[in-house]
Amino acid sequence: MPSPHEFAPGTVWLVGAGPGDPDLLTRKALRLIEAADIVFHDALIGRGVLDLIPEGTERVSVGKRAGRHSKDQGTINDLLLAAAQAGRRVLRLKGGDPSIFGRSGEETSHLSGHDIPVHVCPGITAASAAAASSGVSLTLRGLARSLTFVTAHARAGEAIDLDWSALAAPQGTLAVYMGRAAAGTIAARLMAVGRDPATPVLIVVNASLPDERIVHGRLSALSFLVETISDDDPTLLLIGEAVRSLDTKITRNTDRFVASAVE
Ligand code: SAH
(Lines give C-alpha, C1' and ligand atoms only; values in the text may rest on other atoms or scores of the structure.)
Protein backbone atom coordinates (compact mmCIF):
# COMPACT_ATOMS: atom_id res chain seq x y z
CA MET A 1 0.00 0.00 0.00
CA PRO A 2 1.21 3.54 -0.63
CA SER A 3 2.28 5.52 2.36
CA PRO A 4 -0.06 8.45 3.04
CA HIS A 5 2.85 10.79 2.35
CA GLU A 6 3.62 9.30 -1.04
CA PHE A 7 0.43 10.52 -2.67
CA ALA A 8 -1.13 13.37 -0.75
CA PRO A 9 -4.47 14.85 -1.84
CA GLY A 10 -4.00 17.91 -4.03
CA THR A 11 -0.74 16.65 -5.55
CA VAL A 12 0.10 15.42 -9.03
CA TRP A 13 2.28 12.47 -10.00
CA LEU A 14 3.57 12.23 -13.55
CA VAL A 15 4.02 8.50 -13.96
CA GLY A 16 5.90 6.64 -16.69
CA ALA A 17 3.78 3.79 -18.00
CA GLY A 18 6.63 2.19 -19.94
CA PRO A 19 6.32 0.95 -23.52
CA GLY A 20 3.08 -1.00 -23.15
CA ASP A 21 3.72 -4.35 -21.50
CA PRO A 22 2.26 -3.99 -17.99
CA ASP A 23 5.09 -6.13 -16.62
CA LEU A 24 7.45 -3.29 -17.54
CA LEU A 25 5.77 -0.89 -15.10
CA THR A 26 7.72 -0.07 -11.97
CA ARG A 27 6.33 -1.23 -8.64
CA LYS A 28 6.10 2.39 -7.62
CA ALA A 29 4.01 3.23 -10.69
CA LEU A 30 1.60 0.47 -9.80
CA ARG A 31 1.34 1.66 -6.17
CA LEU A 32 0.57 5.18 -7.35
CA ILE A 33 -2.01 3.96 -9.88
CA GLU A 34 -3.75 2.10 -7.08
CA ALA A 35 -3.76 5.18 -4.85
CA ALA A 36 -4.91 7.80 -7.40
CA ASP A 37 -8.37 9.40 -7.39
CA ILE A 38 -8.20 10.35 -11.06
CA VAL A 39 -5.96 9.23 -13.93
CA PHE A 40 -5.33 11.30 -17.04
CA HIS A 41 -3.75 9.15 -19.72
CA ASP A 42 -2.45 9.36 -23.28
CA ALA A 43 -3.85 7.38 -26.19
CA LEU A 44 -0.63 5.38 -26.42
CA ILE A 45 -1.02 3.75 -23.02
CA GLY A 46 -1.47 0.01 -23.56
CA ARG A 47 -4.69 -1.76 -22.65
CA GLY A 48 -2.84 -3.99 -20.18
CA VAL A 49 -1.65 -0.96 -18.21
CA LEU A 50 -5.06 0.72 -18.25
CA ASP A 51 -6.57 -2.49 -16.88
CA LEU A 52 -4.51 -1.96 -13.71
CA ILE A 53 -6.45 1.21 -12.86
CA PRO A 54 -8.96 0.25 -10.15
CA GLU A 55 -12.57 0.27 -11.32
CA GLY A 56 -13.69 3.06 -9.03
CA THR A 57 -10.96 5.44 -10.18
CA GLU A 58 -11.98 8.15 -12.61
CA ARG A 59 -10.04 8.00 -15.86
CA VAL A 60 -9.76 10.63 -18.53
CA SER A 61 -8.24 10.02 -21.93
CA VAL A 62 -6.37 13.06 -23.13
CA GLY A 63 -5.32 10.99 -26.13
CA LYS A 64 -2.60 12.48 -28.21
CA ARG A 65 -1.51 10.77 -31.38
CA ALA A 66 0.59 11.95 -34.28
CA GLY A 67 -1.33 14.59 -36.17
CA ARG A 68 -4.46 14.19 -34.05
CA HIS A 69 -4.54 15.90 -30.70
CA SER A 70 -7.81 15.31 -28.98
CA LYS A 71 -6.88 17.82 -26.26
CA ASP A 72 -4.23 20.46 -26.64
CA GLN A 73 -1.47 20.85 -24.09
CA GLY A 74 -2.99 23.97 -22.54
CA THR A 75 -6.26 22.14 -21.90
CA ILE A 76 -4.43 19.19 -20.36
CA ASN A 77 -2.47 21.54 -18.07
CA ASP A 78 -5.72 23.17 -16.95
CA LEU A 79 -7.47 19.85 -16.34
CA LEU A 80 -4.58 18.63 -14.15
CA LEU A 81 -4.56 21.89 -12.24
CA ALA A 82 -8.32 21.93 -11.65
CA ALA A 83 -8.29 18.34 -10.38
CA ALA A 84 -5.39 19.05 -7.99
CA GLN A 85 -6.98 22.27 -6.76
CA ALA A 86 -10.11 20.26 -6.01
CA GLY A 87 -7.96 18.25 -3.58
CA ARG A 88 -7.74 15.06 -5.59
CA ARG A 89 -4.80 12.71 -5.97
CA VAL A 90 -4.03 13.30 -9.62
CA LEU A 91 -2.06 10.83 -11.69
CA ARG A 92 -0.86 11.75 -15.15
CA LEU A 93 0.04 8.52 -16.93
CA LYS A 94 2.45 8.93 -19.80
CA GLY A 95 3.91 6.42 -22.24
CA GLY A 96 7.51 5.38 -21.67
CA ASP A 97 9.40 7.81 -19.48
CA PRO A 98 7.70 11.15 -18.75
CA SER A 99 10.93 13.07 -19.24
CA ILE A 100 11.57 11.88 -22.80
CA PHE A 101 9.42 13.67 -25.37
CA GLY A 102 6.62 13.57 -22.83
CA ARG A 103 6.05 17.30 -22.36
CA SER A 104 6.48 16.74 -18.65
CA GLY A 105 8.32 20.07 -18.39
CA GLU A 106 5.26 22.02 -19.49
CA GLU A 107 2.94 20.22 -17.12
CA THR A 108 5.37 20.47 -14.23
CA SER A 109 5.97 24.18 -14.63
CA HIS A 110 2.27 24.96 -15.05
CA LEU A 111 1.39 23.09 -11.87
CA SER A 112 4.35 24.36 -9.85
CA GLY A 113 3.49 27.87 -10.97
CA HIS A 114 0.18 27.40 -9.19
CA ASP A 115 1.85 25.93 -6.09
CA ILE A 116 0.73 22.38 -6.78
CA PRO A 117 3.32 19.80 -5.67
CA VAL A 118 4.39 17.64 -8.63
CA HIS A 119 6.43 14.45 -8.55
CA VAL A 120 7.72 12.20 -11.30
CA CYS A 121 7.96 8.41 -11.40
CA PRO A 122 10.28 7.31 -14.23
CA GLY A 123 9.39 4.64 -16.76
CA ILE A 124 11.10 2.45 -19.32
CA THR A 125 11.48 4.45 -22.50
CA ALA A 126 10.59 3.06 -25.93
CA ALA A 127 14.23 2.93 -27.05
CA SER A 128 15.14 0.59 -24.18
CA ALA A 129 12.19 -1.66 -24.92
CA ALA A 130 12.95 -1.67 -28.64
CA ALA A 131 16.58 -2.61 -28.03
CA ALA A 132 15.60 -5.37 -25.64
CA SER A 133 13.08 -6.84 -28.07
CA SER A 134 15.55 -6.70 -30.94
CA GLY A 135 18.38 -8.25 -28.97
CA VAL A 136 20.70 -5.33 -29.60
CA SER A 137 22.61 -2.99 -27.35
CA LEU A 138 22.16 0.76 -27.88
CA THR A 139 25.83 1.33 -27.15
CA LEU A 140 28.68 -0.93 -28.14
CA ARG A 141 32.22 -0.75 -26.82
CA GLY A 142 34.44 0.86 -29.40
CA LEU A 143 31.71 1.11 -32.03
CA ALA A 144 28.84 3.14 -30.59
CA ARG A 145 29.97 5.50 -27.87
CA SER A 146 27.00 7.79 -27.75
CA LEU A 147 23.24 7.48 -27.84
CA THR A 148 21.08 10.35 -28.97
CA PHE A 149 17.34 10.60 -28.43
CA VAL A 150 15.83 12.52 -31.30
CA THR A 151 12.30 13.45 -32.21
CA ALA A 152 11.52 14.01 -35.84
CA HIS A 153 8.07 15.34 -35.20
CA ALA A 154 7.77 18.72 -36.89
CA ARG A 155 4.76 21.02 -36.77
CA ALA A 156 2.73 20.97 -39.97
CA GLY A 157 4.55 22.84 -42.72
CA GLU A 158 7.78 23.23 -40.73
CA ALA A 159 11.10 21.59 -41.57
CA ILE A 160 12.70 19.27 -39.02
CA ASP A 161 15.19 21.38 -37.16
CA LEU A 162 18.07 19.09 -36.20
CA ASP A 163 21.85 19.32 -36.29
CA TRP A 164 22.30 16.72 -39.02
CA SER A 165 26.10 16.86 -39.06
CA ALA A 166 26.26 16.06 -35.36
CA LEU A 167 23.79 13.20 -35.83
CA ALA A 168 25.80 11.77 -38.72
CA ALA A 169 28.81 10.92 -36.50
CA PRO A 170 29.58 7.27 -37.28
CA GLN A 171 30.05 6.22 -33.65
CA GLY A 172 26.67 7.32 -32.44
CA THR A 173 23.38 5.46 -32.13
CA LEU A 174 20.21 7.41 -32.89
CA ALA A 175 16.89 6.56 -31.29
CA VAL A 176 14.28 8.43 -33.28
CA TYR A 177 10.90 8.97 -31.65
CA MET A 178 7.84 9.96 -33.71
CA GLY A 179 9.95 9.43 -36.79
CA ARG A 180 7.79 7.26 -38.99
CA ALA A 181 6.43 9.99 -41.26
CA ALA A 182 9.79 11.72 -41.54
CA ALA A 183 11.89 8.57 -41.99
CA GLY A 184 12.71 9.32 -45.63
CA THR A 185 13.80 12.86 -44.82
CA ILE A 186 15.90 11.69 -41.89
CA ALA A 187 17.74 9.12 -44.01
CA ALA A 188 18.32 11.57 -46.85
CA ARG A 189 19.62 14.32 -44.57
CA LEU A 190 21.94 11.98 -42.67
CA MET A 191 23.39 10.54 -45.88
CA ALA A 192 23.76 14.03 -47.38
CA VAL A 193 26.09 14.98 -44.54
CA GLY A 194 28.09 11.80 -44.76
CA ARG A 195 26.44 9.04 -42.76
CA ASP A 196 27.16 5.74 -44.48
CA PRO A 197 24.13 4.54 -46.51
CA ALA A 198 24.96 1.01 -45.30
CA THR A 199 24.43 2.01 -41.64
CA PRO A 200 22.14 -0.57 -40.05
CA VAL A 201 18.63 0.52 -39.06
CA LEU A 202 15.94 -1.15 -36.99
CA ILE A 203 12.30 -0.15 -37.05
CA VAL A 204 10.46 -1.36 -33.99
CA VAL A 205 6.68 -1.10 -33.95
CA ASN A 206 4.62 -1.63 -30.79
CA ALA A 207 7.70 -2.59 -28.78
CA SER A 208 6.89 -4.94 -25.88
CA LEU A 209 3.28 -5.45 -27.00
CA PRO A 210 1.80 -8.67 -28.42
CA ASP A 211 1.66 -7.15 -31.94
CA GLU A 212 5.28 -6.01 -31.85
CA ARG A 213 7.05 -5.96 -35.21
CA ILE A 214 10.72 -5.51 -36.01
CA VAL A 215 11.97 -4.56 -39.45
CA HIS A 216 15.64 -4.22 -40.19
CA GLY A 217 17.72 -2.99 -43.06
CA ARG A 218 20.03 -0.21 -44.14
CA LEU A 219 19.81 3.55 -43.89
CA SER A 220 19.56 3.84 -47.69
CA ALA A 221 16.35 1.77 -47.63
CA LEU A 222 14.71 3.41 -44.61
CA SER A 223 12.05 5.36 -46.51
CA PHE A 224 10.96 2.22 -48.30
CA LEU A 225 11.05 0.06 -45.17
CA VAL A 226 8.62 2.27 -43.21
CA GLU A 227 6.03 2.12 -45.97
CA THR A 228 4.70 -1.13 -44.54
CA ILE A 229 3.97 0.52 -41.20
CA SER A 230 0.72 2.23 -40.36
CA ASP A 231 0.81 5.81 -39.15
CA ASP A 232 -1.20 4.83 -36.11
CA ASP A 233 1.31 2.37 -34.66
CA PRO A 234 3.96 3.70 -32.30
CA THR A 235 7.21 3.28 -34.16
CA LEU A 236 10.77 3.76 -33.02
CA LEU A 237 13.73 3.99 -35.38
CA LEU A 238 17.16 2.86 -34.24
CA ILE A 239 20.06 3.87 -36.47
CA GLY A 240 23.72 3.00 -36.04
CA GLU A 241 26.43 0.39 -36.01
CA ALA A 242 25.25 -0.93 -32.66
CA VAL A 243 22.13 -2.44 -34.23
CA ARG A 244 24.20 -4.39 -36.73
CA SER A 245 24.44 -7.58 -34.68
CA LEU A 246 20.90 -8.60 -35.58
CA ASP A 247 21.31 -7.29 -39.10
CA THR A 248 24.29 -9.47 -39.96
CA LYS A 249 22.87 -12.54 -38.29
CA ILE A 250 19.72 -12.45 -40.34
CA THR A 251 21.08 -11.21 -43.63
CA ARG A 252 23.93 -13.72 -43.91
CA ASN A 253 24.16 -15.60 -47.21
CA THR A 254 22.43 -12.96 -49.25
CA ASP A 255 23.64 -9.72 -50.67
CA ARG A 256 20.32 -8.57 -52.01
CA PHE A 257 18.49 -8.80 -48.71
CA VAL A 258 17.22 -5.43 -47.54
CA ALA A 259 14.39 -6.05 -45.14
CA SER A 260 12.86 -8.66 -42.98
CA ALA A 261 9.95 -8.80 -40.64
CA VAL A 262 11.07 -10.79 -37.64
CA GLU A 263 8.20 -12.66 -36.06
N1 SAH B 1 7.81 9.29 -23.36
C2 SAH B 1 7.80 8.25 -24.38
C3 SAH B 1 7.90 8.82 -25.77
C4 SAH B 1 6.70 9.68 -26.15
S5 SAH B 1 6.76 10.21 -27.80
C6 SAH B 1 8.94 7.27 -24.10
O7 SAH B 1 9.79 7.54 -23.24
O8 SAH B 1 8.96 6.21 -24.72
C9 SAH B 1 5.81 8.93 -28.61
C10 SAH B 1 6.72 8.11 -29.50
O11 SAH B 1 7.44 7.18 -28.71
C12 SAH B 1 6.02 7.27 -30.53
O13 SAH B 1 5.66 8.01 -31.68
C14 SAH B 1 7.10 6.25 -30.84
O15 SAH B 1 8.11 6.82 -31.64
C16 SAH B 1 7.68 6.02 -29.45
N17 SAH B 1 7.06 4.88 -28.77
C18 SAH B 1 6.35 4.90 -27.64
N19 SAH B 1 5.96 3.67 -27.29
C20 SAH B 1 6.44 2.83 -28.24
C21 SAH B 1 6.40 1.43 -28.45
N22 SAH B 1 5.75 0.60 -27.60
N23 SAH B 1 7.01 0.93 -29.54
C24 SAH B 1 7.67 1.72 -30.40
N25 SAH B 1 7.76 3.05 -30.26
C26 SAH B 1 7.16 3.60 -29.19
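**Exercise 1.** Sort the lining of the largest cavity in this predicted model into nonpolar, polar and charged residues: how many fall into each class?

*Solution.* Start by listing who is there: the lining is made up of Val 150, Leu 162, Trp 164, Leu 167, Leu 174, Val 176, Ile 186 and Leu 190. Now sort them. You get eight nonpolar residues, no polar ones and no charged ones. Next, check where they sit in the fold: helix 6 (164-167), strand 9 (172-177) and helix 7 (183-192) each bring at least two residues to this lining. Last, the volume, which comes out at about 30 Å³. A search of the whole structure turns up one cavity of 30 Å³ or more.

**Exercise 2.** Work out which residues are closest to the ligand, and how many surround it.

*Solution.* Count the shell, and you reach 17 residues, with Ile 100, Thr 125, Met 178, Ala 207 and Thr 235 the closest. Then sort the shell by class: eleven nonpolar, five polar and one charged. Now for the domains: domain 1 (12-121) and domain 2 (126-260) each give at least three residues to the shell.

**Exercise 3.** Find backbone atoms that pair up with the ligand: what distance do you get for Pro 19, for Asp 97 and for Met 178?

*Solution.* Take the ligand's nitrogen side to begin with. A backbone N or O atom of Pro 19 sits 2.9 Å from a nitrogen atom of the ligand. Move on to oxygen: a polar backbone atom of Asp 97 is 2.8 Å from an oxygen atom of the ligand. For Met 178, a backbone N or O atom lies 2.8 Å from a ligand oxygen atom. To finish, look at cover: the ligand taken alone exposes 550 Å², and the protein buries 90% of that.

Terms used
Residues numbered from 1 in each chain as written. Predicted model: local features only at pLDDT ≥ 70, side-chain atom pairs only at ≥ 80, totals over all residues. Heavy atoms only, no water. 1 Å grid on protein atoms, 1.4 Å probe; cavity = no way out; pocket = protein on both sides within 12 Å on 5 of 7 lines; lining within 4 Å. Points joined across faces, edges and corners; volume = space filled by probe spheres on them. Helix = DSSP H or I, 4+ residues; strand = E, 2+ residues; numbered from the N terminus. Nonpolar A, V, L, I, M, F, W, Y, C, P; charged D, E, K, R; others polar. Near = heavy atom within 4 Å. Polar contact = N/O pair within 3.5 Å; in protein donor to acceptor, adjacent residues only side chain to side chain. Areas by Shrake-Rupley, 256 points an atom, 1.4 Å probe, with all protein chains shown as cover. Domains from an automatic or database assignment.
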